[in-house]
Amino acid sequence: MRVAMAVAALALAVAVAGCASGIEGPVESNVEKVELEAKPSGELVISNWPLYIDKKTVPDFEKATGVSVAYHEDINSNEEFFNKMQPLLSSGESGGRSIMVLADYMVAKMIKLGFLMELDHSALPEVKANLAKNLRHPPFDPERKFSVPWQSGMTGLIVNKEKANNVHSICDLFNPEYKGKVDFLNEVRETVPLVMKCEGVDPEKATEADWLKAIEKIDQAANDGQISRFTGNDYAQDLTNGNAVAVMGWSGDAVQLQADNPNLEWRMPTEGCMLWSEDMIIPVGAPNPTAAEAFMNFVYKPEVQANIAAYVNYVTPVEGVQEILQKTEPEIAENHLIFPSEEFTENCSPTPTLEGQEEKNVIKAFDEVLNG
Amino acid sequence: MSATTDTPMVPNTPTPGRGSLSAETSAARAWRWLREHAVNIVAILVVIYLLIPIALIFVFSFNNPAGRYNFTWVGFTLKHWGHPFSDTELTKALLESIKLALLATLISTIIGTMMAIALVRHSFFGRRLANFLIVVPMATPEVVMGASLLSFFLILGTPSLGFETLLIAHVMFCISFVVVVVRSRLIGFDRSLEEAARDLGAGPFTTFRLVTFPLILPGIFGGAMLAFALSIDDFVISNFNAGSTVTFPLYIFGAAQRGIPVEVYVVAMILFFATVLAMGFATWQQRRAEKMTAIRPEQEESDIALPGIA
Amino acid sequence: MVDTLRKRSVAYLLLLPGAFWLIVFFVIPLYFMAKLSLDVEIPGTLHYHFTWHWDNYKEALELYKTQFFRSFIYAAIATLLCLVIAYPLAYVIAFKAGRWQNLMLFAVVAPFFTTYLVRTLAWKTILADESPVTEVAHSIGLAPSGHILYTSFAVIAGITYNFLPFMVLPLYASLERIDVRVLEASKDLYASAGSTFWKVTFPLSLPGVVAGTLLTFIPAVGDYVNAEFLGGANNRMIGNVIQSLYLSQSNYSAAAALSFVLMAVIMVVVFIYLRFAGSEALMGQEAV
């Protein structure tokens, strides 16, 4: 009797095993559109990167609209967040969130997978009026139907002036004089294009072979001990502690780091920097899209955005902010990291596109380098 | 460990007033003292080594950094101790962790104690297998446990990753430890007490309630404390199975990327001191109980230790 | 007869919830992971297809054998260091501490309560390039390049520190059970302190040594926190790889394959070790 049951159980297990195992992909459906209610109300759950908003904006928004906001700073990496959300989004849920802030390339991917709700522009007059001209028609979302920029930034060099004053270019990071005191970023779409620029290749026109060649060069440097670590935000600790003297770093962080150590300075590499943007998006299954759009609209008011820009120190996508800050916080208004001019970012490249099999191969090669 | 050679006998150089004792130079005396106490000195050094990071955390909880990053010493301030729970994300994460740990401890202690009793007191078909089943999770790397649970939840599609999945995972890895602790207490148990109770007419349930249970209570308590500590400190398995829930270790991991607020160090010290107090209280209670009932000290103390052997 | 049956059903009843939990949430997930490890991803979608795809294993081993070796070596060195450091402490607590026993035991366990991550981060500050500790080490020649952090030394030091209590407590437990009179007898028979230790004390503490080394080595091999915080580009362990494959790359089949290889190798190592050292330590006594 017992034996028979065991055999039956085993047979069942084998039968189940024969089916495709169920890590589900995207649900094929029509794009969900935001249906606006008359007034925003209720609760709004936002997921954003840490230290990406000032302290006043959320309370001000709550006061202005009566919406209660749960603001989570739970995004630390585009890939990790996407992987966390993907099972939910495939079944049409967002885990309670109505707004998420993710990088352009991730937004592009999610648009293709049908994970985003289409925005109703009638609730976004401030965005229409104040969105910076150069951000209005990005290739991945030409009519801004799904995304509204949150902040932009530049990836370049952060250097300890006292110890590594001669580092002015990405190529300088490979100088053996700084062996073991250099950190690279662990983001494939920032580190590799920067190294490609050092090799004289334009990231927007790069072929898979160019990517792999640059990854090869990085691998070599890591094995030699030139590169101490691949980091995310934690290069900040290495610079402050003296573990590193020159790193690839983000413009917003540099302003904060200087408060602790005036020797640290962000430098535009001679080859140019990487420009990136992060966008607000409304995921499918968002419980409160009306309030979400109200929030998006609210932060595009120049007075509100001025508070955010002054705290976050990244490049704001809203026009009219520099004028406001010139009266209240002139050092920030003059800071070319927060308000870069056209010529300052002349040689900078936007995040290059990586898709399909090319993306897989490049990511695989880069991850092998990251994993030692 | 103590040295392996014997004390060299110093040749007779009579010192005034020493009489027939062989004399030692002060250097030799110092050397002998060192060798006799070498083990103790090493032990104290090890204890100091264990406490170094705690000291650092303590010191840095008074740091007053200018920017967001708490990596170098800037200045002394008490302000973070004044409002350690001001960071809402931190407080929320801490509460999640405590909630999770309490529930996981409760469930795993009950289940684990039951299992321990079954394994020690009864012989039945499949006992070897059950023993093996208990031990294997303790021998599995956390990465593998966390990853396989994640695969399980993903394939099933339910429950969605969050508090429930965390609870399931935590109970799972706590059970084995509770079983081992309670079992060792049961094994060292004097059965004659139970026999005496039965001779006096108590049925099996009464015996259990009035004799067995109170006597194994320290073991159960030890197992529960261990489960609580494991759960509240767990990072690897939680990282795989938390979904969007943030526990205290997960919060720290995220915060480590961009600068841990000083409040985290303060909270870590608060947890530490709370445990000190709890342990101190427990020890004080135990000393009182000892004095009152004159139980042999050695037997009691061995219960606090975490057993690795039966 | 009825009595035994009732006794036995009581046993099964008591065992049921625990066994259920462990089977459903430990054994079955391992089975699912095994299945995943033999899956292959249908390109373009995120669906997986079960095809006995043993290539996953081959690829995983080829790509990551360096990290495998590194993990085992780091864990072995750390375990050995733990044994050497923990033994004197356990010895003192068991035999020489007297009133201080509880306090010392507490000092061993207390660091646990500041959370694993915070402790490891504290080491990151202690071992930083410009910290006094590093500078002293450098000046006495211990750290020739001036770096301690982000080297294999830092990772091993971190693992050793974090797993020390797992070695101290089993050692203490088994040392504590040794009847002091046996040691006294040995001294009465003119054995020196060293002989007493190697011929009497250490062999009697062997169950504790075995338990301690296993409780340290096994989790250490799969550890990734220490390598993540204290390691550099060339110190990644197999735990880091598995974690990144699961959580960053979503390459579940490769991650599952690697996890199984890790478990299999650990089991083999443990099996050989236990054969060599005796298995009562881990399986526990079968009581009355």
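On the surface of this predicted model, a nonpolar patch brings together B:W31, B:W33, B:L34, B:I41, B:I44, B:L45, B:I48 and B:I52. Together these residues offer about 790 Å² of accessible area. Take B:I48 as an example: B:I48 sits in helix α1 of chain B, which covers residues 26–60. Its relative accessibility is 47%, so B:I48 counts as partly exposed, given that the exposed class begins over 50%.

Let's turn to the cysteines. Searching the whole structure turns up two disulfides over all chains. One of them joins A:C171 and A:C198, with the sulfur atoms 2.0 Å apart. This pair links distant parts of the chain, 27 residues apart: A:C171 belongs to the loop between β4 (147–160) and β5 (182–185) of chain A, while A:C198 belongs to helix α6 (residues 188–198) of chain A. The link is right-handed because the torsion about its S-S bond is about 110°. The two partners can be told apart by their surroundings: A:C171 is partly exposed at 32% relative accessible area, whereas A:C198 is buried at 13%.

A disulfide also connects A:C273 to A:C348, with an S to S distance of 2.1 Å. Here A:C273 is found in the loop between β8 (264–267) and β9 (274–281) of chain A, and A:C348 in the loop between α13 (330–334) and β10 (349–350) of chain A, so the bond ties together parts 75 residues apart in sequence. This link is right-handed too, with 115° about the S-S bond, and both A:C273 and A:C348 are buried. With the bonded cysteines of chain A numbered in sequence order, the pairing reads 1-2, 3-4.

How values were computed: Residues numbered from 1 in each chain as written. Chains lettered and ligands numbered in written order. Predicted model: local features only at pLDDT ≥ 70, side-chain atom pairs only at ≥ 80, totals over all residues. Heavy atoms only, no water. Patch = residues over 30% accessible without salt bridge, like charges linked within 9 Å, V, L, I, M, F, W, Y side chains within 5 Å. Areas by Shrake-Rupley, 256 points an atom, 1.4 Å probe, with all protein chains shown as cover. Salt bridge = Lys/Arg side-chain N within 4 Å of Asp/Glu carboxyl O. Helix = DSSP H or I, 4+ residues; strand = E, 2+ residues; numbered from the N terminus. Buried < 20%, exposed > 50% of the residue type's maximum accessible area, 1.4 Å probe, protein only. Disulfide = S-S within 2.5 Å.
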